[in-house]
Amino acid sequence: MPKLVFIRHGQSEWNLKNLFTGWVDVNLSEQGEAEAKAAGKKLKEAGIEFDQAYTSVLTRAIKTLHFALEESDQLFVPEEKSWRLNERHYGALQGQNKAEAAEKFGEDQVHIWRRSYDVLPPLLSADDEGSAANDRRYADLDPRAIPGGENLKVTLERVIPFWEDKIAPDLLAGKNVIVAAHGNSLRALTKYIEQISDEDIMDVEMATGQPVVYTLDDKLNIVNKEKL
């Protein structure tokens, strides 16, 4: 039976500073690197061998994948990067301190932006210098696909095609797959494969650097789930 492993990237420099990050490309903190390496050691101890790896186009997730594969002696595993696995885009909130945003907009409003399933944050305009439209890693992407802000619902809508086109076929072929990504893109995938309701997904948290291991049957039903 194939195994699917999700790993949220280790603590980032902006996680440490309590900033909204989204699509902003920031590095892992020292603690984040340690978390990613520890994840790899746990995977090695569990004896999980991978056939395919997927990650986003953001440094913190890519490095987490590489540290985890290195520590589990699997750096040779083929990998593919996709913007569809990026973190949720936090719009105009990106770069703002979460506590300061709560003082500015009110704790209730910021909580709704962060935790609501279908409420969008304040949007970032396409001509803003911080727009992903200015980043060459998205140069081949249809400009209409570059978000100005996302909620979990929109994030889910962009990760599902990647699941259906890439991840699911690998698993159906009997391959073991590791996905190193972000809190919200992984929550979206979790919602989809576990069939979690719109309400209940808001209480699901992804710990940084902790491998979540699914064992699946030949129809991709979940046989077992464990956290290492």
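This report covers salt bridges and one helix packing in a predicted model.

Because the model is predicted, local features need pLDDT of at least 70 and side-chain atom pairs count only at pLDDT 80 or more, while totals for chains, interfaces and linings use all residues. Residues are numbered from 1 along each chain as its sequence is written, and side-chain values use heavy atoms, with hydrogens and water left out.

**Salt bridges**

The structure holds 12 salt bridges. A salt bridge here is a side-chain nitrogen of Lys or Arg within 4 Å of a carboxyl oxygen of Asp or Glu. Three of the pairs are listed below.

| Pair | N to O distance |
|---|---|
| Lys44 and Asp73 | 2.8 Å |
| Asp142 and Arg144 | 2.8 Å |
| Glu157 and Lys153 | 3.0 Å |

Helices (H or I, at least four residues) and strands (E, at least two) are DSSP runs, numbered from the N terminus. Lys44 lies in helix H2 (residues 30-46), and Asp73 in the loop between helix H3 (59-71) and strand E3 (79-81), so their salt bridge ties together parts that are 29 residues apart in sequence. Glu157 and Lys153 both sit in helix H6 (residues 152-172). They are four residues apart, about one turn of the helix.

Exposure is graded by relative accessible area: buried is under 20%, exposed over 50%, and partly exposed in between (1.4 Å probe, protein chains only). Lys44 is partly exposed at 47%. Asp142 is partly exposed at 33%, whereas Arg144 is exposed at 75%. In the H6 pair, Glu157 is partly exposed at 48%, and Lys153 is partly exposed at 36%.

Some bridges join into a network. Asp25, Asp135 and Arg137 are linked in this way.

**Packing of H2 and H3**

Two packed helices are described by the angle between their axes and the distance between the axes. H2 and H3 pack at about 40°, with axes 7 Å apart. Axes are lines fitted to C-alpha atoms over the stretch in contact, and angles run from 0 to 180 degrees between N-to-C directions. H2 and H3 are therefore oblique to each other. Angles under 35 degrees count as roughly parallel, over 145 as roughly antiparallel, 65 to 115 as roughly perpendicular, and the rest as oblique.

Which residues of H2 and H3 make the contact? From H2 come Glu33, Ala36, Lys37, Gly40, Lys41 and Lys44. From H3 come Thr64, Phe67, Ala68 and Glu71. Contact means heavy atoms within 4.5 Å. The contact residues divide into three nonpolar, two polar and five charged. Asp, Glu, Lys and Arg count as charged; Ala, Val, Leu, Ile, Met, Phe, Trp, Tyr, Cys and Pro as nonpolar; the others, Gly among them, as polar.
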